[in-house]
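The following exercises offer a guided reading of one protein model. Each task is followed by a solution set out in steps.

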Amino acid sequence: MKKYSLRLIWSRWFSNAADIPDSIRITIPMVMSLGLFYFFGFTAAGISGLITAWLLGVQGRDLPYLKRLQILSLSTIFTAGSTYLAYSVYDNIWLSSLTLCSIAIVYGLMSNQRPHIRLFGYNFGFTYIMSIHFASADNPFLIILFANLFAALSVMFTSLMLWPFFKGRILQCHIQSVTTSLADWLDTLRLTDDESALEDKRQHFYQCAHKVAYYSNSITSAKRTEQIRMELQRSLEVAEYIISLERILSFRLQETTRERLFSWIEQAAFELKHQQQITAVFDVNEHKNNQYIVDLLEQLKRCYNFSNFSPLDYSKNIYLFTSDTKSFLRNFKRALNIKSKEWRHGGKIALTLAITQFLTIFYKIPQGYWISLTAFIVLLTSSMGVTNHRMWHRFYGTALGGLYSFVCLYLAPHQHLIILTSISVFFAFTTYHKERYDIHVFWLTSMIVFAISLLSPDNTLITFYRIIDTLFGVTIAFSINYFIAPSWTMRWLDQYITRMMRSQILYVTVLDKPLFEQKLNLYKVQDNYYTLKNEIFNLLKEPNLSPRTSQDWRSLLIILRRLNDSLLLATKLGIYSKEDSQFSQKWIKQLSWIVKHFPQRYEQLAKPDIDHDFEHPTDMLCSLIENDIRQLEDWIFHQQAYVLK
């Protein structure tokens, strides 16, 4: 027991072996920038280079090499621009504060972007705040600029140096992970009917697929890129058949049918894992609904064994293949809506930074930039629950890190500060991968304290002031976030649900249209579902959320996923009933009623006037879709946590 506990503590506080190479990639430029400029007597420039290498190193994480080159090149230009802007306005206090608030609003509007794009705004604001401080402390502009550029170029070198050696190998590993995760997901269907376990398998597959789609951007050969994307699209098509098969297994199948289907899945998963053609055969019996199963399995085999795809098939897959430019423009257009949460987020950050700047100016707090910097860091996300979680971890992570730093400064000679800083840098970025943000903050605080101590080795109190500034910044951010401008997820959650359901209505309307048109609507539904899922998971992290309310929203998410899967099954197979158009009209009417009345779900609602004459509980596909829509109606009427069957 004791041995297990020690291993658990080690795994939380220190690095996994797989995290070390990427941590070294970030650590080396940071230590080089600090050590070089400290050696030549420009300690402030060394600290600036340390922080710039930190910001850019994190931005280059989990990107293909060609994308790293593009992103880090742009980030280097933005870093230089941010430094120049800070030195241009620092002597005008009000202009510098107004510029900072403008940067905060722009960053807030970018908070719905992909992580590496969102970090452009974050890094620009972070560098601006730091450069304002260095400018006010009379540090020469050219030295600070040169330190930042040196750090940026060092990050680019360490991030790209292995490109010629590992480009193909990394991509091949990701391609293999797609096949393995797909086979594992398929095999899990016969082992369990636990929806959460199957959802984890599905999510893991799509994460692997994301990496392959993204890494395909780093291939210079257009022919090879086309080949990889076609193979990935085939895997995605197979995944859709697995989702459909998962939905079929949720139906009340005959026991003999289920056993035969499990035997087919076992053999097919084995062949899929070993990259062989699927030869498994499903024994047909006389039951009516088995025709659905036969058709689905034959389509799956044909897709995996023989299908080829044209570029048009995957070019519109907005979930995987959208370019950064298109994604940025689409998300920024959404953020510009005056009622969007991104506007609120940007305004909240601007208000917080305006207050910290006012307090710094009014009370003439020395080096008060650190208060603004801390507030900017903890308001990284717009979610109330996630932000409060970060604030609390930032608070006590900083306190413990400060205590550890004071002990080290008291016991260790000043000439060992560089070594202590390097150790803290390394552990700060091996623990960056962890879910424990407080541990990352612990090492980050010690890194900053040791680095600032290099400026004034004989003045230990300056590090104490930095910790006080950090805790003060967290307190201000918490007060703004909780009391003055709270961003409760519930305020905007309805619009995400409405968008999701409207896309489902559009999906139902094209069930009898050509497959290509159905696929476009399928991708939109997928995109809206995963966006909604992120919002609901943010809601679950908010304080004072009752278990009943939590279960209620989890139930809604599961029902929507089930309905999506049932509609996908209808796309794959078509509805065999002769009244399929009448079914579609009925479902559209039901979903339209739900969209219209969802905001009034807490009021007394009348049952929708729906004709139920076309219910065919013996038809599997119709029964699945009707049951899912009926559960949505029940969710609205009861608004309570109920057991999902």
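**Exercise 1. State how much surface the protein chain exposes, and describe its overall make-up.**

Solution. The model is a predicted one.
Step 1. The exposed surface of the protein chain comes to about 29300 Å², and carbon and sulfur atoms supply 61% of that area.
Step 2. Of the 645 residues in the chain, 56% are buried.
Step 3. The secondary structure consists of 25 helices and zero strands.
Step 4. For contacts between residues at least 6 apart in sequence, 80% join residues at least 24 apart.

**Exercise 2. Find where UniProt places the transmembrane regions, and examine the spans 36-57 and 93-110 in the model.**

Solution.
Step 1. The unreviewed UniProt entry gives the feature "transmembrane region" at residues 36-57, 93-110, 117-135, 141-166, 369-388, 418-434, 441-457 and 463-484.
Step 2. Residues 36-57 are 86% helix and 0% strand, with 18 Å between the end C-alpha atoms.
Step 3. Residues 93-110 are 94% helix and 0% strand, and here the end C-alpha atoms lie 26 Å apart.

**Exercise 3. Identify the residues with the most contacts inside the largest nonpolar core, and list the contacts of Leu-261.**

Solution.
Step 1. The largest nonpolar core contains 93 residues. Within this core, Leu-186, Leu-261, Trp-264 and Leu-632 have the most contacts.
Step 2. When neighbours within four places in sequence are set aside, Leu-261 contacts Leu-245, Leu-249, Leu-253, Phe-282, Ile-293 and Leu-297.
Step 3. A second core, separate and made up of 75 residues, includes Ala-86, Ile-377, Tyr-437 and Met-447.

**Exercise 4. Determine how many residues of helix H16 are buried.**

Solution.
Step 1. Helix H16 covers residues 369-378.
Step 2. In this helix, 10 of the 10 residues are buried; among them are Tyr-369, Trp-370, Phe-376 and Ile-377.

**Exercise 5. Locate the surface patch that includes Tyr-363, and classify Tyr-363 as buried or exposed.**

Solution.
Step 1. A nonpolar patch on the surface is formed by Ile-93, Trp-94, Phe-358, Phe-362 and Tyr-363. Together these residues have about 640 Å² of accessible area.
Step 2. Helix H5 (93-109) and helix H15 (341-362) each give two or more residues to the patch.
Step 3. Tyr-363 is placed in the loop between H15 and H16.
Step 4. Exposed means a relative accessible area over 50%. Tyr-363 has 57%, and is therefore exposed.

**Exercise 6. Compare the settings of Met-490 and Asp-494.**

Solution.
Step 1. Helix H21 spans residues 490-509 and contains Met-490; Asp-494 is also found in H21.
Step 2. The cut-off for a buried residue is under 20% relative accessible area. Asp-494, at 19%, is therefore buried, whereas Met-490, at 31%, is partly exposed.
Step 3. Beyond residues up to four places away in sequence, Met-490 touches Leu-539 and Trp-553. Its C-alpha atom is separated by 8.9 Å from that of Ile-536, 46 residues apart along the chain.
Step 4. With neighbours within four places again left aside, Asp-494 is in contact with Phe-598, Pro-599 and Arg-601.

**Exercise 7. Trace the salt bridges of Asp-324, and say which parts of the chain they join.**

Solution.
Step 1. Side chains of opposite charge can pair when their charged atoms come close. The structure holds 21 salt bridges.
Step 2. Asp-324 pairs with Lys-67, the closest N and O atoms being 2.9 Å apart. Asp-324 belongs to helix H14 (residues 324-335) and Lys-67 to helix H4 (residues 65-89), so the bridge links parts of the chain 257 residues apart.
Step 3. Asp-324 also meets Arg-114 in a salt bridge, at 2.7 Å from N to O. Arg-114 lies in the loop between H5 and helix H6 (115-136), so this pair ties together parts 210 residues apart in sequence.
Step 4. The three partners are buried: Asp-324 at 13% relative accessibility, Lys-67 at 11% and Arg-114 at 18%.

**Exercise 8. Describe the salt bridge between Arg-190 and Asp-187.**

Solution.
Step 1. The closest N and O atoms of the pair are 2.6 Å apart.
Step 2. Both residues lie in helix H8 (residues 163-191), three residues apart, which is about one turn of the helix.
Step 3. Arg-190 is partly exposed, at 26% relative accessible area.
Step 4. Elsewhere, salt bridges with shared partners join Glu-195, Glu-199, Lys-533, Arg-561 and Arg-562 into one network.

Note on methods
Residues are numbered from 1 along each chain as its sequence is written. This is a predicted model: local features need pLDDT of at least 70, side-chain atom pairs count only at pLDDT 80 or more; totals for chains, interfaces and linings use all residues. Side-chain values use heavy atoms; hydrogens and water are left out. UniProt positions are given in the numbering used here, feature names are shortened, and annotations may be inferred rather than shown by experiment. Helices (H or I, at least four residues) and strands (E, at least two) are DSSP runs, numbered from the N terminus. A nonpolar core is a set of buried Ala, Val, Leu, Ile, Met, Phe, Trp, Tyr and Cys residues joined through side-chain atoms within 4.5 Å. Buried means under 20% relative accessible area, exposed over 50%, partly exposed in between (1.4 Å probe, protein chains only). Contact means heavy atoms within 4.5 Å. Patches are made of residues with over 30% relative accessible area and no salt bridge: like charges are joined within 9 Å, nonpolar side chains (Val, Leu, Ile, Met, Phe, Trp, Tyr) within 5 Å. Accessible areas come from the Shrake-Rupley method with a 1.4 Å probe; for residues, only the protein chains shown count as cover. A salt bridge is a side-chain nitrogen of Lys or Arg within 4 Å of a carboxyl oxygen of Asp or Glu.
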